[in-house]
Amino acid sequence: MEPIVEVKEVVKLYPIKRNFFGRVEKFLRALGGVSLKVYPGETLGVIGESGCGKSTLGKIILDLERLTSGKVLFKGKEIGKLKGEEYRVYRRNIQAVFQNPSNSLNPRMRIWEIVTEGLKINDDLEKEELLERARELIKMVNLSESSLFKYPHQLSGGQKQRVAIARAVALKPELIVADEPTSALDVSVQSQIVNLFLELQENLNLSYFFISHSLPVVEAVSDRVIVMYKGFIVEEGSSRDVFTQSAHPYTKLLISSLPGSRVKFKETGEESEVETGCPFYPRCPYRKKECLKFNVKLLELSESHRVACVLYS
Ligand SMILES: Nc1ncnc2c1ncn2[C@@H]1O[C@H](COP(=O)(O)OP(=O)(O)OP(=O)(O)O)[C@@H](O)[C@H]1O
Ligand SMILES: [Mg+2]
């Protein structure tokens, strides 16, 4: 099967310090060379502590952020080279749902206008048709018809996120990049939104690139999971591989920490960043000298399971 999206060796450096003349003196490596594929109909879960590069990766897939090197392919074609209609098809096919619906919904637009905004731009539809489409969409995300003429502030957090999801599916995308879509919601509402994602996936044959801090949420929705650490994928496998047979020392630590909590480990007290070799070296209980020379790449453990760690080389 052809992947919808393929990320190849993507590196992202953010300039963080400039000298007097505006020349960049220091970069932050947000992504160190990431490769992955997302296939039709699947959910690829993304986990890893704050700052490891999850959102950067999501934004690069959405073309909301430029990459430093590497490429992103949409159905085999490099997105940086897509033009005109081809680029529009790509943008239409990959939609986003972000963490905070209060920030992502225009407060001055009514719900029906929000969910059909993309349709208005892409298709030449009359107001009546747009309203009809809005009705269908709102139903699809289990909101009542009365919400159509409301404004975002009149809805609860969960309802607003349903609106954001309706807007994302309006253009019948193949992939949705969901970046912490449940993290800003009350715990009681989180599972309802997770269920909505699952329901829509079944009905619309959607793929998800699903970023979350909540391990139980990722485990519930994902077919495959990638584990990131400081800009690298350190482990990749089926949900089962990663959650029940974690191989990377970092994944093991992550999984053993409290479910749903934001993960924070104690630094070892020594240097906490390494320029080369395994990014987890400073905190790894199994580290050895050769880890500093390790060229971070995923090694195959089984057909579905890969890990970037010298313990397995
Ligand atoms: N515009 C930017 N300029 C400079 N540095 C940035 C920028 N955006 C992100 N970063 C840095 O890049 C790294 C990766 O950030 P990113 O937002 O992708 O992490 P994340 O895994 O999504 O974290 P979180 O779980 O907190 O959302 C972090 O160190 C962050 O501080
Ligand atoms: Mg993020």
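D63 is found in the loop between helix 1 and strand 4 (69-74), where helices (H or I, at least four residues) and strands (E, at least two) are DSSP runs numbered from the N terminus. The model is predicted, so local features need pLDDT of at least 70 and side-chain atom pairs count only at pLDDT 80 or more, while totals for chains, interfaces and linings use all residues. Residues are numbered from 1 along each chain as its sequence is written, chains are lettered from A and ligands numbered from 1 in the order in which they are written, and side-chain values use heavy atoms, with hydrogens and water left out.

The backbone at D63 deserves attention. Although D63 is not a glycine, its phi is positive, at about 60°, and the residue comes just after helix 1. Most residues other than glycine have a negative phi. D63 is partly exposed, because its relative accessible area is 28%; buried means under 20% relative accessible area, exposed over 50%, and partly exposed in between, with a 1.4 Å probe and protein chains only. E9 likewise has a positive phi, of about 50°, without being a glycine. E9 is placed in strand 1 (residues 5-18) and counts as exposed because its relative accessible area is 53%.

Helix 1 itself is mostly covered, with six of its eight residues buried. Those buried residues are K54, T56, L57, G58, I60 and I61.

Helix 1 also leads to the ligand. Ligand 1 is surrounded by Y14, L28, A30, E49, S50, G51, C52, G53, K54, S55, T56 and H213, a residue being near the ligand if one of its heavy atoms lies within 4 Å of it. Which element gives the largest share of this shell? Helix 1 does, with three residues. Strand 2 (24-38) and helix 1 (54-61) each supply at least two residues of the shell. By class, the shell divides into four nonpolar, six polar and two charged residues; here Ala, Val, Leu, Ile, Met, Phe, Trp, Tyr, Cys and Pro count as nonpolar, Asp, Glu, Lys and Arg as charged, and the others, Gly among them, as polar.

Several polar contacts, defined for the ligand as pairs of N or O atoms within 3.5 Å, can be traced at this site. An oxygen atom of ligand 1 lies 2.4 Å from an N or O atom in the side chain of S50. For the side chain of T56, the corresponding distance from a ligand oxygen to an N or O atom is 2.5 Å. At G51 the partner is a polar backbone atom, 2.8 Å from an oxygen atom of ligand 1. Taken alone, ligand 1 exposes 630 Å², of which the protein buries 65%; these areas come from the Shrake-Rupley method with a 1.4 Å probe.

The nonpolar interior comes next. A nonpolar core is a set of buried Ala, Val, Leu, Ile, Met, Phe, Trp, Tyr and Cys residues joined through side-chain atoms within 4.5 Å. The largest such core has 39 residues, and V115, V163, I165, F197 and L200 have the most contacts inside it. Two or more residues of this core come from each of helix 4 (111-122), helix 5 (127-140), helix 6 (157-169), strand 7 (175-179), helix 7 (187-204), strand 8 (207-211) and helix 8 (215-221). Beyond residues up to four places away in sequence, I165 touches V97, V141, I193, L196, F197 and L200, contact meaning heavy atoms within 4.5 Å. A second, separate core of 28 residues includes V34, L82, I94 and L175.

Further along the chain, L254 is placed in helix 10 (residues 249-256) and counts as buried because its relative accessibility is 2%. L254 and G48 are 206 residues apart in sequence, yet their C-alpha atoms are 7.7 Å apart.

The last part of this account concerns three later residues. K297 lies in the loop between helix 10 and strand 11 and is partly exposed because its relative accessible area is 45%. Apart from residues up to four places away, K297 touches V307 and A308. H305 lies in the loop between strand 11 (299-300) and strand 12 and counts as buried because its relative accessibility is 5%. With residues up to four places away left out, H305 touches E235, E236, G237, D241, Q245, A247, L299 and E300. C309 is in the segment after strand 12 (306-307) and is buried because its relative accessible area is 8%. Outside its neighbours within four places, C309 is in contact with H248, P249, F294 and L299.

Technical notes. Polar contact = N/O pair within 3.5 Å; in protein donor to acceptor, adjacent residues only side chain to side chain.
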